[in-house]
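Hi everyone, thanks for coming. Please have the sequence and the 3D view open, and turn the view along with me as I talk.

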Amino acid sequence: ESRWNNHISPALGSKDMASISLIDVEDFKASLLKKGLSPQTVVHNLNTLRRIYRKLTAWELYDGRIPTNGVEWPGLDNFRLRYLSPSEARGLLDALRAISEQWYRISFLSLHTGMRLGEVVALRSGDVDLSARLVNIKDAKAGTRAGFLTETVARELEGFVPAKKGVLLFPARSGEVITDKSKTFVRVVDALELNAGVTDRRDKVVFHTLRHTFGSWAAQRGVPLQVIAELMGHDTITITKRY
């Protein structure tokens, strides 16, 4: 909805679907890049536009040409280069804990298990087995997988995981799964000046940096790439090789 309201509708929403041309979509792409949107955001918008055409075609509500066909997608190189040193990680976690116990634990789990933010906030009490040192990461990007809990993580979660099954470990204030990224995390990163002087977005500390740090530390310790790939839920080991 956000992509439609903010980008697609203002540029193309008043046009008849069949009248939108390849050139119109190229102009749309160029306008988004000119606004300073990242190539990944532009790709998300183009994909959304393409999905609209494909879905209406599947529903037999549209039988014309799909104007995104033939458009050259912006090149992407979004691989995060930045990872935290042990002292930076400790400082970040300590600062988070002073402000929000919940976001401290969410960040702690990502750093020590390599889990994505969406995977952490979706965890329920039944997914964590402290005795076996395992966490079931369900419906992840590359499918359900098992994560390994170190002794450090197990100690942190001891007494925190509810005995009742199915309870969200990190619910939003509404009681539902958290859907918004934390402003608390951003504020702490800014306060610690971890991004001071950084202009390349790939070098900036964001929540995903915690996951990248997990992979980087594991590679530095000599953990085999295949193992890192399985722990992080990579589709292919090609992604893991970048570590």
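**A walk through the chain**

Let's begin with a single residue: setting aside the neighbours within four places in sequence, Thr48 is in contact with Arg3 and Ile8. You can find Thr48 in helix H3, which covers residues 39–58. Is Thr48 buried or exposed? Its relative accessibility is 17%, and buried means under 20%, so Thr48 counts as buried.

Before we go further, please remember that this is a predicted model. Now let's step back and look at the whole chain. There are eleven helices and three strands. Reading from the N terminus, the order of the elements is α-α-α-α-α-α-β-β-β-α-α-α-α-α. The C-alpha trace spans about 60 × 45 × 35 Å along its principal axes. The chain has 243 residues, and 40% of them count as buried. If we take contacts between residues at least 6 apart in sequence, 63% of these join residues at least 24 apart. As for the surface, the chain exposes about 13900 Å², with carbon and sulfur atoms supplying 51% of that area.

Next, the strands. How are the three strands arranged? They form an open sheet in the order S1-S2-S3, and the pairing is antiparallel. Strand S1 (128–129) and S3 are the edge strands, each pairing on one side only. A bit of background for the first-years: strands of a sheet pair through backbone hydrogen bonds, either parallel or antiparallel.

Let's go strand by strand. S1 and S2 are joined by two bridges, and here Asp129 stands opposite Leu134 in S2. Between strand S2 (residues 134–137) and S3 there are four bridges. On this side, Asn136 stands opposite Ala146 in S3.

Stay with S3 for a moment, residues 145–148, and look at the side chains. In a regular strand the side chains alternate between the two faces of the sheet. Here, Arg145 and Gly147 point to one face and are buried. Ala146 and Phe148 point to the other face and are not buried.

Now for the aromatic rings. How many aromatic pairs are there? The count comes to five. In one of them, Trp103 and Phe207, the ring centres are 6.3 Å apart and the planes are at 85°; an angle over 60 degrees counts as edge-to-face, so that is what this pair is. This pair links distant parts of the chain, with Trp103 in helix H5 (residues 101–113) and Phe207 in the loop between helix H8 (183–191) and helix H9 (208–220), 104 residues apart. Both rings belong to buried residues: Trp103 has a relative accessible area of 9%, and Phe207 has 13%.

Tyr104 and Phe108 make another aromatic pair, and this one is tilted, at 5.8 Å centre to centre with 45° between the planes. Why are these two separated by about one helical turn? Because Tyr104 and Phe108 are four residues apart in helix H5. Tyr104 is buried, with a relative accessible area of 5%, and Phe108 is buried too, at 7%.

Ring pairs also link Trp103, Phe185 and Phe207 into a cluster. One last stop: Arg105 lies over the face of Phe160, at 4.2 Å from the ring centre.

That's my tour, and I'm happy to take questions!

Notes. Residues numbered from 1 in each chain as written. Predicted model: local features only at pLDDT ≥ 70, side-chain atom pairs only at ≥ 80, totals over all residues. Heavy atoms only, no water. Buried < 20%, exposed > 50% of the residue type's maximum accessible area, 1.4 Å probe, protein only. Contact = heavy atoms within 4.5 Å. Pairing = 2+ DSSP bridges. Phe/Tyr/Trp six-rings, centres within 6.5 Å; stacked < 30°, edge-to-face > 60°. Lys NZ or Arg CZ within 6 Å of the ring centre and 35° of its normal. Areas by Shrake-Rupley, 256 points an atom, 1.4 Å probe, with all protein chains shown as cover.
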